[in-house]
Structures are given as C-alpha cells and as structure tokens.
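Let's go through this one the way you would at the bench, asking of each label what earns it. Have the sequence and the structure open as you read.

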Amino acid sequence: MEIIEIRTRTTEGLGTLSFLESKKDIPFEIKRIYYTYNVDEGLQRGGHAHKNLIQLLFCPYGSIEVTIDNGFSKEKIILDSPNKGLIIENGIWRNMIWKMKNSVLCVAASEYYNEQDYIRDYDEFLKYVKEGYWNNENKI
Ligand code: T46
C-alpha cells in the first residue's frame, strides 16, 4: 500500500488540474480505467482481493473510506482530496465505504478486466495468505 500525492497545477483564476503518468507516478502501465459513481452515502462496495492486479484509487470528488487488509492487519484510508492516490498491490482485501453521497471513485488498473483474478470469499483469501501465495511481500 502506498499513498501518493498526485501532481497538480493551479492556474490562477482558472482552477486546478491534476495528472499522472504510467511508470512515472505509479509503478505500472495503465491497461484500464474505471470509475464508480451514483453511490449513496453509507453504502459499501468491494469485499474482494486480486491475485495479480495492481491499482491506483483516487477520489476526484467527495469522500470515500477504503479499508485494506493483508490478512494480518487492517488499515483505513480516507480518500477525500482530488490529489490523493492510494496504490493497492495484489493480495490485499479491500472495502470502500461512501462517506458522502455521489463521491466518485476512479481507478487506474494494471490489467484488463478478468473475473478469474478476483478472490471474493474472505476465507479463501485467508487461505491464500496462509499458504504464502504472495510470499507475504505485500504486508501493509
Ligand atoms: C476494485 C474496486 C476498487 C466489469 O465488467 N469491468 C470492470 O473493469 C470492472 C471493474 C467491473 N466489471 C463488472 C463486474 C461486476 O459485474 O462490474 C460489476 C461491478 O463490479 P464489482 O462488484 O467488482 O465492483 P466493486 O466496486 O465492488 O469493485 C471494483 C473493482 O471490481 C475492484 O477491482 O478493486 O472497485
């Protein structure tokens, strides 16, 4: 897990622009972008880990609490600023709670969508962790 500050330029009187580049600001090539919106306050999404996928999460509008869990410990991160990014490696269980209605969650992903890459059962996730599937390299 890594929290990054997304590069940002403010032009006087014209607002602010944030940007990031593959392999410069984040440690992977972006193969996919997706975003989640129209979500009511208090709703929770996620509840899965990825076998191989690495992602950057950021919230350009609103406030979203992300809980990450490596099978040993959990940590909560609030994405509440457009220039704050959270890199989540593979082998990490995640949940996201919408702290503000209509908050937008944007994700840059290292791989194309592949349902086979998901672990959606928590006990199965713990089994992968205990068997050393990720060699414990991705501990929080
Ligand atoms: C993650 C968190 C942060 C696709 O068809 N293509 C896609 O690229 C994605 C991401 C999803 N889907 C389908 C799969 C489901 O039928 O869209 C539906 C909703 O996906 P899911 O329930 O997995 O959404 P979240 O918000 O729980 O999780 C998503 C990502 O799936 C996941 O990788 O890390 O956002």
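**What earns each label**

Q: What makes the pairing of Arg120 with the ligand a polar contact?
A: An N or O atom in the side chain of Arg120 sits 3.0 Å from an oxygen atom of the ligand. The cut-off for a pair of N or O atoms is 3.5 Å, so at 3.0 Å this pair counts as a polar contact. Keep in mind that this is a predicted model.

Q: How do you know that Gln55 makes a polar contact with the ligand too?
A: Same test: a polar atom of the Gln55 side chain is 2.7 Å from a ligand oxygen. The limit is 3.5 Å, so the Gln55 pair passes.

Q: What about Gly46, which part of it faces an oxygen atom of the ligand?
A: Here the backbone does the job: a polar backbone atom of Gly46 lies 2.9 Å from an oxygen atom of the ligand. That is within 3.5 Å, so the pair counts as a polar contact.

Q: How much of the ligand does the protein bury?
A: On its own the ligand exposes 660 Å², and the protein buries 69% of that.

Q: Which elements give two or more residues to the shell around the ligand?
A: Those are strand 4, strand 5 (44-50) and strand 10 (93-98). Strand 5 supplies the largest share, with four residues.

Q: Why is the shell said to divide into four nonpolar, four polar and four charged residues?
A: The residues around the ligand include Arg32, Arg45, Arg94 and Arg120, and Arg counts as charged, so these four make up the charged group. Tyr34, Met96, Tyr113 and Tyr118 are in the shell as well; Tyr and Met count as nonpolar, so they form that group. That leaves Gly46, His48, His50 and Gln55, which count as polar because the polar class takes in the others, Gly among them.

Q: Why are strand 8 (74-79) and strand 12 (118-119) called edge strands?
A: They belong to an open, antiparallel sheet of five strands in the order 8-7-10-5-12. Strand 8 and strand 12 each have a single partner strand, so one side of each is left without a neighbour in the sheet.

Q: How do you know that strand 7 (residues 64-69) and strand 10 are paired?
A: Pairing takes at least two bridges, and these strands share six, in the antiparallel sense, so they qualify. One spot to look at is Asp69, which stands opposite Trp93 in strand 10.

Q: What about the other sheet, which strands stand at its edges?
A: This one is also open, with five strands in the order 1-9-6-11-4 and antiparallel pairing. Strand 1 (2-5) and strand 4 (32-36) are at the edges; each has a single partner strand, so one side of each lacks a neighbour in the sheet. From one strand to the next, the twist averages 25°.

Q: How do you know that strand 9 pairs with strand 1 and with strand 6?
A: Count the bridges again. Strand 1 and strand 9 (residues 84-88) have four, running antiparallel, and four also join strand 6 to strand 9 in the antiparallel sense. Two bridges would be enough, so both pairs count. Leu86 is the bridge partner of Ile3 and also of Leu57, while Ile87 is the partner of Glu2.

Q: What makes strand 9 mostly covered?
A: Four of its five residues are buried.

Q: Why is Leu53 called buried?
A: Its relative accessibility is 3%, and buried means under 20%, so Leu53 fits. Leu53 is in the loop between strand 5 and strand 6 (55-61). Its C-alpha is 5.3 Å from that of Asn90, 37 residues away along the chain.

Q: Is Asp117, in the loop between strand 11 (104-109) and strand 12, buried or exposed?
A: Buried: the value is 10%, under the 20% line.

Q: Why are Lys23 and Asn38 called exposed?
A: Exposed means over 50%. Lys23 comes in at 57% and Asn38 at 64%, so both pass. Lys23 lies in the loop between strand 3 (15-19) and strand 4, and Asn38 in the loop between strand 4 and strand 5.

Q: What is the phi of Lys23 and of Asn38?
A: Lys23 has a positive phi of about 65° and Asn38 one of about 60°, although neither is a glycine.

Methods. Residues are numbered from 1 along each chain as its sequence is written. This is a predicted model: local features need pLDDT of at least 70, side-chain atom pairs count only at pLDDT 80 or more; totals for chains, interfaces and linings use all residues. Side-chain values use heavy atoms; hydrogens and water are left out. Axes are lines fitted to C-alpha atoms, for helices over the stretch in contact, and angles run from 0 to 180 degrees between N-to-C directions. A residue is near a molecule or strand if one of its heavy atoms lies within 4 Å of it. A polar contact is a pair of N or O atoms within 3.5 Å; within protein, one must be able to donate a hydrogen and the other to accept it, and residues adjacent in sequence count only if both atoms are side-chain atoms. Accessible areas come from the Shrake-Rupley method with a 1.4 Å probe; for residues, only the protein chains shown count as cover. Buried means under 20% relative accessible area, exposed over 50%, partly exposed in between (1.4 Å probe, protein chains only).
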